[in-house]
Amino acid sequence: MNNTGLKNDQIIALVDCNNFYVSCERVFNPRLHGIPVAVLSNNDGCIVSRSNEIKALNIPMGAPGFKYEALINQNGGELLSSNYALYGDLSSRVMDVLSKFSPDLEIYSIDEAFLGLTGMRTQNWEEWGHWLKRAVYRYTGIPVSIGISRTKTLAKIANHHAKKIAAYRGALCILDEHRIDEALKRIKTADVWGIGRQYEKFLKQNKIETALQLRNADDKFIKHYLTMVGYKTVLELRGYACIDIEEAPRAKKSIVSSRSFGKQVSDLQELEEAISSYVTLSAEKLRDQKSVAGHMMVFLSTNRFKEGPQYNNSISTSLFPPTAYTPELILQALELLRELWLPDFEYKKAGVMLSNIIAEEDVPLSFLEANYLDDKRGELMRAIDKLNRLHGRDTVKYASSGIAQKWQMKQARLSPSYTTRWKDIPKVK
DNA sequence: TCTGGGGTCCTAGGACCC
DNA sequence: TCTGGGGTCCTAGGACCC
């Protein structure tokens, strides 16, 4: 809740990249324009980004790729592996452009940002939105949609319409009551930010189907059944800002690294390699935000879509003193894994979660155990992180992560890393 | 053959204490 | 006969987000 909790004169824009991963692929591969294109999740599993042509074929979000491969091919389309190096890089370019338009920028996800516009002067916000949209496209090649209103939740709704209704040409501003009512009337509760499938179902049973009906719902009823979180959503629909723009990203309270394997894995040693890679990744993220973890969990599971004996289990340990020293974390994780592992199962996925995360400087003093940051171990981590940042991930890696890595995920349809790897830079002939 | 990965917040209920 | 009531901390599970 912000300080006032009162109806406000804020102006907030939500900028959302259209079909982001597909749009990234199209920036460097013009052949993909105008044909159905979908991008798959890790391990070439589910469809996580769809071009409009894919949506027109009624292929749902999250569907397993293999089920729709034939249909996509028949329509001259393409299925691609996800290329996060590319998307991450294009995302920062988009955010960079946005930061020139307002100092008040919250990067909400890889393809979305809120812009605080309060205090800016313009006669026509929609015109301003179209101008911003053109600028982002010109500098990055990424098409975006822009919604402008009084609260984040309302800006999301404006954005939704801007994207869906062609006449708005990608930007919509809803500030006066009449326009807000019109926008809310035309949106289902499930399309409201904060209302998911369960709440939609529940609300429908109670004759609340549109955002407008939700906004007008009884306070007590909402608080009781949708908790305070849902109540804040309703207040936001009424124009009371409850969710502030956060310019600085908050430190993570938990960090998970997990992957499905490219094949079934039974062998303990292969699992050890995987776990050790995941720990390495998690610890890097931990040090990136200048934190240490006080708790670690390792988990392991079989393929839930396959017949046969299932095993799905986890085991955890406390870390004292809390640490981000990779070798120590690997040691502990492997110990946990050996306890967790049972022979004769075909494993499909494993992972590591670090939690009880605190800032480096908040590590309690201990007479028994020195803080890793204060001795050679800290120096080592800083040196390795620097090398990997400079020369690419895994320039320096741990022997326990293995060389062969036969369990690695499948990425059969990966596009080149046009912007982040020298040898993949497109050549102009 | 082939079904992702990474987060947050809130609440209820149990354990424990006085 | 009569079986309190409040506080805190922790965890598991459920809702949501991208």
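This note goes through a predicted model, covering the surfaces near two DNA strands, the aromatic pairs and a few single residues.

1. DNA strand B, overall. There are 23 residues around DNA strand B, and Ser41, Val256, Ser258, Arg259 and Ser260 come nearest. Of the strand's atoms within 4 Å of the protein, 73% belong to sugar or phosphate, while the rest belong to bases. By class, the residues of this surface are eight nonpolar, eight polar and seven charged.

2. Phosphate contacts of DNA strand B. Three residues can be named here. Arg259 has a polar side-chain atom 2.8 Å from a phosphate oxygen of DNA strand B. For Lys348, an N or O atom of the side chain is 3.1 Å from a phosphate oxygen of the strand. A polar side-chain atom of Lys349 also lies 3.1 Å from a phosphate oxygen of DNA strand B. As for the elements involved, helix 10, strand 9 (255-265) and strand 12 (347-359) are those that give two or more residues to the surface near DNA strand B. Strand 9 gives the most, with six residues.

3. DNA strand C, overall. Around DNA strand C there are 13 residues, of which Glu112, Lys156, Gly194, Gly196 and Tyr199 come nearest. Of the atoms of DNA strand C within 4 Å of the protein, 100% belong to sugar or phosphate. The surface near this strand has five nonpolar, four polar and four charged residues.

4. Phosphate contacts of DNA strand C. Lys156 places a polar side-chain atom 2.7 Å from a phosphate oxygen of DNA strand C. Gly194 and Tyr199 take part through the backbone: a polar backbone atom of Gly194 is 3.0 Å from a phosphate oxygen of the strand, and a polar backbone atom of Tyr199 is 2.9 Å from a phosphate oxygen of the strand. Strand 5 (105-109) and helix 8 each supply at least two residues of the surface near DNA strand C. Helix 8 gives the most, with three residues.

5. Aromatic pairs: Tyr21 and Tyr87. The count of aromatic pairs comes to 20. In one of them, Tyr21 and Tyr87 are stacked, at 4.3 Å centre to centre and 10° between the planes. Tyr21 belongs to helix 1 (residues 20-28) and Tyr87 to helix 4, so the pair ties together parts 66 residues apart in sequence. Both Tyr21 and Tyr87 are buried. The two residues also belong to one aromatic cluster with Phe20 and Tyr84.

6. Aromatic pairs: Phe202 and Phe221. The ring centres of Phe202 and Phe221 are 5.8 Å apart and the planes are at 15°; the pair counts as stacked because that angle is under 30 degrees. Phe202 is in helix 8 (residues 197-205) and Phe221 in helix 10 (residues 219-237), so the pair links distant parts of the chain, 19 residues apart. Is Phe202 buried or partly exposed? Its relative accessible area is 21%, and because buried means under 20%, Phe202 counts as partly exposed.

7. Charges over rings. The charged end of Lys152 sits over the ring of Phe114, 4.6 Å from the ring centre. The charged end of Lys223 sits over the ring of Tyr231, 4.7 Å from the ring centre.

8. Ser91. Ser91 lies in helix 4 (residues 84-99). With a relative accessible area of 7%, Ser91 is buried. Leaving out residues up to four places away in sequence, Ser91 touches Phe20 and Ile110. Phe20 is one of the members of the aromatic cluster in point 5.

9. Leu235. Leu235 has its place in helix 10, one of the elements giving two or more residues to the surface near DNA strand B. Is Leu235 buried or exposed? Its relative accessibility is 12%, so Leu235 counts as buried. Leaving out residues up to four places away in sequence, Leu235 touches Tyr240 and Cys242. The C-alpha atoms of Leu235 and Arg215 are 7.5 Å apart, while the two residues are 20 places apart along the chain.

Notes: Residues numbered from 1 in each chain as written. Chains lettered and ligands numbered in written order. Predicted model: local features only at pLDDT ≥ 70, side-chain atom pairs only at ≥ 80, totals over all residues. Heavy atoms only, no water. Helix = DSSP H or I, 4+ residues; strand = E, 2+ residues; numbered from the N terminus. Buried < 20%, exposed > 50% of the residue type's maximum accessible area, 1.4 Å probe, protein only. Contact = heavy atoms within 4.5 Å. Phe/Tyr/Trp six-rings, centres within 6.5 Å; stacked < 30°, edge-to-face > 60°. Lys NZ or Arg CZ within 6 Å of the ring centre and 35° of its normal. Near = heavy atom within 4 Å. Polar contact = N/O pair within 3.5 Å; in protein donor to acceptor, adjacent residues only side chain to side chain. Nonpolar A, V, L, I, M, F, W, Y, C, P; charged D, E, K, R; others polar.
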